[in-house]
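These are my notebook entries on a structure that was new to me. I set down what I looked up, entry by entry.

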Amino acid sequence: MSCPEVLAPAARAELSNRIWDLVRDAEEGRSGKHEVLLEPGAAAATATLAKPAVRKLSSLVSEGEFFREIAASPRILELVAELTGGAKSIYLYSDQVFLKPAFCGSEKPLHQDNSYFRVTPHSHGVTCWVAIDEATVENGCLNYIPGSHKLGLINHRAIPNTPHHVPDVNFPLGEEVPAPVPAGGAVFHHLLCLHSSKANHSAHPRRAWALHYVNGEAHSPHREYKKMLRVR
Ligand SMILES: O=C(O)CCC(=O)C(=O)O
């Protein structure tokens, strides 16, 4: 499901600036609060990019009120409640910024979010992926396999020496369909919906803030409610 404007232009601009500040801190080794993943190919991609490039930054909400207010904004939560079965209470399971720096942003292979999170029932969680920059086919928007949430949780195998894992099944999974999103818009996906994003060879960075929500009746072996941010 897509929503062209979950952030007002001023909020998107402020969020964008704050994320650039955090990225700069991370690139200069000053990001104590956040788990940071770097692009493996950044230095080799172009002569002008011979410095670390961040590919993922965890837990923006740990930065404070500005980020928490967006994560708890009524516009997002209305849709989250509807997509998680009319939930009365909603928690933020986790949040992370996925970056695809210009020229060197690498792909995120096909996966189901719940192969990582293990939330049950699967329908009690949802991901809201907010585009900070316009996400296009060229700079690596998400691609979805429509209807793949109906496959149930499928086996995944780890790709050695990477943080990724991919489906490990011997049946066809279906065609991937790109889902471009304007800056400030969002796509929402079921925790079992197969998705990926391709490499960014364009001159335009692509950043997105993924907010993963669960309702108050979900379970996961990896999270306790008391450690999650209650947003409703
Ligand atoms: O933004 C990306 O490239 C990948 C994001 C993703 O896999 C997710 O939000 O679940």
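**Entry 1: Ser 89**

I began with Ser 89, which I located in the loop between α4 (74-83) and β4. I noted at the outset that the model is a predicted one. Is Ser 89 buried or exposed? Its relative accessibility is 17%, so I recorded Ser 89 as buried; the cut-off for that class is under 20%. I then looked up the contacts of Ser 89, setting aside its neighbours within four places in sequence. The residues in contact with Ser 89 are Val 214, Asn 215, Gly 216, Arg 230 and Arg 232.

**Entry 2: the chain as a whole**

I next turned to the overall fold. The protein chain has 14 strands and five helices. Its radius of gyration is 17 Å, close to the 17 Å that the globule rule gives for 232 residues, so I entered the chain as being as compact as a globular protein of that length. The C-alpha trace spans about 50 × 45 × 30 Å along its principal axes.

I also checked burial and contacts. Of the 232 residues, 51% count as buried. Among contacts with a separation of 6 or more, 83% are between residues 24 or more positions apart. The chain exposes about 11,000 Å², and 54% of this is supplied by carbon and sulfur atoms.

**Entry 3: aromatic pairs**

How many aromatic pairs does the structure hold? I found four. One of them joins Phe 66 and Phe 67: the ring centres are 5.3 Å apart and the planes stand at 85°, so I classed the pair as edge-to-face. Phe 67 has 2% relative accessibility and therefore counts as buried. I noted further that Phe 66, Phe 67 and Trp 209 form one aromatic cluster.

Another pair is that of Tyr 93 and Phe 117. Its ring centres are 4.7 Å apart and its planes are at 45°, so I entered this pair as tilted. The pair links distant parts of the chain, for Tyr 93 lies in strand β4 (residues 90-100) and Phe 117 in helix α5 (residues 114-117), 24 residues apart. I recorded both Tyr 93 and Phe 117 as buried.

**Entry 4: charges over rings**

Lastly, I looked for charged ends placed over aromatic rings. Which residue has its charged end over the ring of Tyr 93? I found Arg 223 there, with its charged end 4.5 Å from the ring centre. I made a similar entry for Trp 20: the charged end of Arg 207 sits over its ring, 3.9 Å from the centre.

Methods:
Residues are numbered from 1 along each chain as its sequence is written. This is a predicted model: local features need pLDDT of at least 70, side-chain atom pairs count only at pLDDT 80 or more; totals for chains, interfaces and linings use all residues. Side-chain values use heavy atoms; hydrogens and water are left out. Rings of Phe, Tyr and Trp (its six-membered ring) pair if their centres lie within 6.5 Å; planes under 30 degrees apart count as stacked, over 60 as edge-to-face and the rest as tilted. Buried means under 20% relative accessible area, exposed over 50%, partly exposed in between (1.4 Å probe, protein chains only). Helices (H or I, at least four residues) and strands (E, at least two) are DSSP runs, numbered from the N terminus. A charge sits over a ring if NZ of Lys or CZ of Arg is within 6 Å of the ring centre and within 35 degrees of the ring normal. The radius of gyration is taken over C-alpha atoms; the globule rule is 2.2 Å times the number of residues to the power 0.38. Contact means heavy atoms within 4.5 Å. Accessible areas come from the Shrake-Rupley method with a 1.4 Å probe; for residues, only the protein chains shown count as cover.
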